[in-house]
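User: I'd like a close look at one part of this model, and then a walk outward from there to the rest. Could you take me through it in one connected answer?

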Amino acid sequence: MRSIILKNTIMFSVLSILAVPVQASCPATTPWTDPVNLSISGGVTSNIFSAASSAGFMAVWADSSNRAHYSFSADGQSWSQGLVSAAASNVASNSDVFVGANADGFVVTWIDSSNNGWSSFSADQGASWSTAIRINPNSLSLNANSDVFVNGGSEGFVAAMIGSDNNAYVSYSNGIDAWSAPAQVTTDGSVYDQNWNSKTNRGFVTVKVVGQTAMVTWWNNLFPTYSAFFETINPFSSTTPYPILSVGFFESVPSVDELNGYYMVVSRANVNDGQTYFSVATHVPSWATFAPFATNPRNPDAGPWVAANQAGFISAWVVGENQNDPGTPVWTFSANNGFDWTPVCSILAAPSSTIGGPVGLSANNHGFVATWLDSNDSNAYASFYFTPASVLPPTDVVGCKSQNIFLSQTEYANVITWSPPTSGMPPVSYKIYRDANLTNLVATIPANKPLEFVEHNVQPKVSYTYYLVSVSADDQTSAAVSVTVNHYCQKGSK
Amino acid sequence: MMKKIILLAVLAFLVTPVTAQEVFIEIKGSGFFPTSHLFKNIYHEAGMIGGELTAPAYNNLYAWLSVDYLRKSGLSLIGNSKTKVRYLPIGFGLKYLHPFCYGDLYFGLGVLAARIRTHDFSPNVAPFYSKWAWGGIIKFGALFDIGCPFMLDVFVNYAVSKASSHNTFNNQVVPHSAKVNGVIFGGGLAYRF
């Protein structure tokens, strides 16, 4: 643990130096699509949050009639609308509705006026919804100023709650069956039940589910942010809360997402007039020192959000007019786990001064969707950022030593096999290098040939490392994946 | 060196005090059943032909000199590359003949000098290998009198031979000794002078 902390501290000492001075200019035309009005008839009273699966994006919100709405888009640009029928008119006034997604469907969560959490599941992109499922048991009453957050992963959904004792709790479900008995994340009653500068100012606990694991983050009532990591979610493993290192105190609930084993958390901090700060951790919750995205004037009026897909991390937030900024949702992007960020630029072509609250963000392989509330007409809006389906590295890369044994001599060969990436652009070939800098090319294997590379006449007792990349038709190359050959393919060979 | 040893064996054989009716010349055919791991798994069993000259040395003790030949194709292990082997063992030694009602039973010991040649069909290895191997042989058999002057020989032998190898093919392969060990079952037709 100590070495991990040291490693991350060193990494982000470097990161904090590298990340700040990015001074490139914004693109002349925003790459985000023109906003689409999701709610159409106004009346939205909550922030707008969203989730994405490979099927598409779903945004959710509450209205002045205490109903929960959803809007679904397969491509991030054309949206359908409807009601989450199971919620009826039971959503607590001035509360947020959340949505989580996985390959099975979408789960929407809300809190009612009796401070009970509920969920409903849809396997058909919102066309039909399951009856409401109670999340918190009678033994756990929820904080009256909190919302119930949900996130989905391949192994199921995790709902995160704040109890009336101001402790964080998490519960597991596959979306269809009953939620598990809540697992208590904190014991000191330190979870803050507010979210300053958001539309609702209600507190919640965020969670990111990755396979069988979950990273839980929250805002502490002494104003640092905290995390807890669960090695398993069904059932929940034991965990110990761990602070996300602070440079002052924070003013918003942290948002967290994950990409390739890196967790990114973003939050608004009070230093320097409320800058947006971020931190990264590997799956062990030892966070690096928070670093600011950028200097004034692109600071948030509300808490930032973060999302990730194969292209990288995007964070978005709303900039207010009171900071001499035109006022608009803004975004920044990092393709290298936070070491470099693009300039903070407007999502909108024409900045707006009436947009408030957190900017919801979600991502799938097609791109990112940002959602927000415009107080001008009390409607929910969404904009889409297309990320070209970049070519991804080969998968299932395996290497071993083979032999060709004759009566008087044996030839040794390294054999590497792999599978195509399961998403992204289809590769037309694969390149195999001998070095991590990808300068010493060993072979190019066409994608329509057997996905195997054999290097003959190698030394039997020497370990070899190769680096494989996928190459797309437009000559893009993926990140490299390495394989070390140091064992024999055949059992009993030597 | 090899030629000198063969010459020595022939001379030793020639100076053996023989009488005309006690010399045997034999042609034989046999099956070679390898016991050495690589030969067995690469080439498997093989047929062998040969000839043998036997002459009395002292009382029931006879000297013998034999030449055999084996040729077989196979596949290398794991890599499945084609390979061919030629095996030419030249042996000499002594036999002890013990008469019984149908002829003679015998037991013999000898040394082998064998030429091993291989041709390995892979672009990644040395294609040709040709070495003299050294070894020994132990013989058991029976000579059946099938009507003067012919005798039928039925035998089982066990032969071992091993040749070194140092050719790394420009450091691209790992050489190892070539072992040809195996059991030989066979029969022959002997002419007794």
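Which side chain meets that of Asp257(A) in a salt bridge?

Analyst: Happy to help, and please keep in mind that this is a predicted model. The partner you are after is Lys208(A), whose side chain forms a salt bridge with that of Asp257(A) at 3.1 Å, N to O. The two residues come from distant parts of the chain, 49 residues apart. Asp257(A) belongs to strand 18 of chain A, residues 255–259, while Lys208(A) sits in strand 14 of chain A, residues 206–210. As general background, side chains of opposite charge can pair when their charged atoms come close. Over all chains, a search of the whole structure finds 10 salt bridges.

Between strands 14 and 18 in numbering, there is a backbone feature worth a look. The peptide bond from Asn234(A) to Pro235(A) is cis, with omega near 5°. Pro235(A) is in the loop that runs between strand 16 (225–230) and strand 17 (242–244) of chain A.

Chain A also holds some open sheets. One has four strands in the order 10-11-12-13, paired antiparallel. Its edges are strand 10 (149–153) and strand 13 (183–184) of chain A; each has a single partner strand, so one side of each is left without a neighbour in the sheet. Inside that order, strand 11 (residues 156–162) and strand 12 (residues 168–173) of chain A are joined by six bridges and run antiparallel. If you want a pair to click on, Ala160(A) has Val170(A), in strand 12 of chain A, as its bridge partner.

Another open sheet of chain A has four strands in the order 22-23-24-25, again with antiparallel pairing. Here strand 22 (305–309) and strand 25 (345–346) of chain A are the edge strands, pairing on one side only. Strand 25 of chain A is held to strand 24 (residues 328–334) of chain A by two bridges, and the two run antiparallel. In strand 25 of chain A, Ser346(A) is the bridge partner of Val330(A).

Now to where the chains meet. The contact draws 31 residues from chain B and 17 residues from chain A. Together the two chains bury about 1800 Å², with 56% of it on carbon and sulfur atoms. Of the area that chain B buries against chain A, 29% is supplied by Ile78(B), Asn124(B) and Val174(B), more than any other three residues. To come back to your salt bridge theme, the count between chain B and chain A is zero.

Chain B has its own points of interest. The whole structure has four cavities of 30 Å³ or more, and the largest cavity holds about 110 Å³ of space. Its lining is made of 16 residues, and Ser66(B), Asp68(B), Pro89(B), Ile137(B) and Ile184(B) lie nearest its centre. Strands 1 (24–34), 3 (61–75), 4 (82–100), 6 (128–145) and 7 (150–163) of chain B each give two or more residues to this lining. By class, the lining of the largest cavity has nine nonpolar, four polar and three charged residues.

The loop between strand 6 and strand 7 of chain B is where Pro149(B) is found. A cis peptide bond joins Cys148(B) to Pro149(B), with omega about 10°. One more backbone detail is at His44(B), which is not a glycine but has a positive phi of about 60°. His44(B) lies in the loop between helix 2 (37–43) and strand 2 (46–58) of chain B.

Methods:
Residues are numbered from 1 along each chain as its sequence is written. Chains are lettered from A and ligands numbered from 1 in the order in which they are written. This is a predicted model: local features need pLDDT of at least 70, side-chain atom pairs count only at pLDDT 80 or more; totals for chains, interfaces and linings use all residues. Side-chain values use heavy atoms; hydrogens and water are left out. On a 1 Å grid over the protein atoms alone, a cavity is a set of points where a 1.4 Å probe fits but cannot get out, and a pocket is an open set with protein on both sides within 12 Å along at least five of seven lines; lining residues have an atom within 4 Å of a point. Grid points are joined across faces, edges and corners, and a volume is the space filled by probe spheres set on the points. Ala, Val, Leu, Ile, Met, Phe, Trp, Tyr, Cys and Pro count as nonpolar, Asp, Glu, Lys and Arg as charged, and the others, Gly among them, as polar. Two strands pair if DSSP finds at least two bridges between them. Contact means heavy atoms within 4.5 Å. Buried area is the accessible area (1.4 Å probe) that two parts lose on being put together, summed over both. A salt bridge is a side-chain nitrogen of Lys or Arg within 4 Å of a carboxyl oxygen of Asp or Glu.
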